[in-house]
Amino acid sequence: MPSLAAFENRDVLTRRVTRETDTAGVEGVRARADRGLHWAVGALVADPADRLLFVYEDDIWKLPGGGVETGETRQEAVCREVREETGVESTVDELAAVTEVTVTDGGREATFFFGTYRATADSTDLASDPGLDGESIETVAWRDAVPENCLDETLVRRLQ
């Protein structure tokens with residue numbers, strides 16, 4: 001597994017966060033790690049009007065993103081996740097931030113890395129039925145500002 005220090009000397013924001021989850025959340029991260037999958041990615045996608053793309057899922061706004069799959073580069077995962085969750089085609093720009101995320105259910109924990117990339121929208125049409133089956137994405141939206149109740153609001157504001 002990579003180390004956060006590998007990114008600290010580059011022009012990339014680095015940070016560590018801990019998030020409380022449940023046993024299934026910790027087990028999910030561990031199962032992915034057992035398959036060699038240590039990364040998830042998200043994108044700060046901007047359109048020509050400088051609006052930002054957000055998804056609303058589980059009562060919180062967040063950047064589109066998800067896990068990197070076997071055989072996929074992080075950049076390929078960004079494009080796939082943005083398209084699957086929002087319907088928007090995008091071009092990945094630079095890596096803007098790397099977060100070492102530790103999830104814990106009280107007594108157990110697991111760690112993964114989350115890469116946040118800047119991306120440019122190739123289209124602005126949004127999916128009428130966002131996300132894949134089984135995902136709880138309620139809506140997607142272009143926003144002129146970071147919405148209230150945004151996951152990682154401080155990070156998103158720093159990257160704007």
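**Figure 1. Arginine 80 and glutamate 72 are both buried residues.** This is a predicted model, and our tour starts with a charged pair. Here arginine 80 makes a salt bridge with glutamate 72, and their closest N and O atoms sit 2.6 Å apart. Keep this pair in mind as you look at the other bridges: a search of the whole structure turns up 15 salt bridges.

**Figure 2. Glutamate 100 pairs up with arginine 16 in a salt bridge.** The closest N and O atoms of these two are 3.0 Å apart. Follow the chain and you'll see that the pair links distant parts of it: glutamate 100 belongs to strand 6, arginine 16 belongs to strand 1 (residues 13-20), and 84 residues separate them. Which of the partners is buried, and which is exposed? Glutamate 100 has a relative accessible area of 17%, so it counts as buried, the cut-off being under 20%. Arginine 16 comes in at 55%, so it counts as exposed, the cut-off being over 50%.

**Figure 3. Glutamate 69 and arginine 32 form a salt bridge too.** In this view the closest N and O atoms are 3.8 Å apart. Glutamate 69 lies in the loop between strand 5 (65-67) and helix 3, while arginine 32 is in helix 2 (residues 23-34), so the bridge ties together parts that are 37 residues apart in sequence. Glutamate 69 is partly exposed, at 35% relative accessibility. Arginine 32, on the other hand, is buried, with a relative accessible area of 19%.

**Figure 4. Four charged residues join up in a network of salt bridges.** The members to look for are Glu27, Arg30, Asp105 and Arg108.

**Figure 5. The largest nonpolar core holds 21 residues.** Start with Val45, Val78, Val82 and Val98, which touch the most other members of this core. Which elements give two or more residues to it? They are strand 2 (39-46), helix 3 (74-86), strand 6 (90-104) and strand 7 (109-121). There's also a second, separate core of 15 residues, and Leu13, Leu44, Trp61 and Leu155 are among its members.

**Figure 6. A closer look at valine 78 and the residues it touches.** Leaving out residues up to four places away in sequence, valine 78 touches Val41, Gly42, Ala43, Val92 and Tyr117. Valine 78 is also one of the residues that touch the most other members of the largest nonpolar core.

**Figure 7. Tryptophan 61 is a buried residue with a long list of contacts.** You'll find tryptophan 61 in strand 4 (residues 60-62). Its relative accessibility is 12%, so it counts as buried. Skipping residues up to four places away in sequence, tryptophan 61 touches Phe54, Val55, Tyr56, Thr139, Ala141, Arg143, Pro147, Glu148, Asn149, Cys150 and Leu151. For a sense of scale, the C-alpha atoms of tryptophan 61 and serine 128 are separated by 17 Å, and the two residues are 67 apart along the chain.

**Figure 8. Arginine 143 sits in strand 8 (residues 137-143).** At 26% relative accessibility, arginine 143 is partly exposed. What does it touch, if we ignore residues up to four places away in sequence? The contacts are Arg51, Leu52, Phe54 and Trp61. Arginine 143 and leucine 53 are 90 residues apart in sequence, yet 6.3 Å apart in space from C-alpha to C-alpha.

**Figure 9. Glutamate 57 is a buried residue in strand 3 (residues 52-57).** Its relative accessible area is 13%. Not counting residues up to four places away in sequence, glutamate 57 touches Lys62, Glu135, Ser136 and Ile137.

**Figure 10. The largest pocket takes in about 1000 Å³ of space.** A set of 35 residues lines this pocket, and Lys62, Gly66, Phe112, Phe114 and Leu151 lie nearest its centre. Strand 1, helix 2, strand 2, strand 5, helix 3, strand 6 and strand 7 are the elements that each give two or more residues to the lining. Which element gives the most? That's helix 2, with four residues.

**Figure 11. Cysteine 79 and cysteine 150, in a model with zero disulfides.** Cysteine 79 is partly exposed, at 22% relative accessibility. Cysteine 150 is buried, at 9%. The disulfide count for the structure comes to zero.

Note on methods: Residues are numbered from 1 along each chain as its sequence is written. This is a predicted model: local features need pLDDT of at least 70, side-chain atom pairs count only at pLDDT 80 or more; totals for chains, interfaces and linings use all residues. Side-chain values use heavy atoms; hydrogens and water are left out. A nonpolar core is a set of buried Ala, Val, Leu, Ile, Met, Phe, Trp, Tyr and Cys residues joined through side-chain atoms within 4.5 Å. Buried means under 20% relative accessible area, exposed over 50%, partly exposed in between (1.4 Å probe, protein chains only). Contact means heavy atoms within 4.5 Å. A salt bridge is a side-chain nitrogen of Lys or Arg within 4 Å of a carboxyl oxygen of Asp or Glu. A disulfide is a pair of cysteine sulfur atoms within 2.5 Å. On a 1 Å grid over the protein atoms alone, a cavity is a set of points where a 1.4 Å probe fits but cannot get out, and a pocket is an open set with protein on both sides within 12 Å along at least five of seven lines; lining residues have an atom within 4 Å of a point. Grid points are joined across faces, edges and corners, and a volume is the space filled by probe spheres set on the points.
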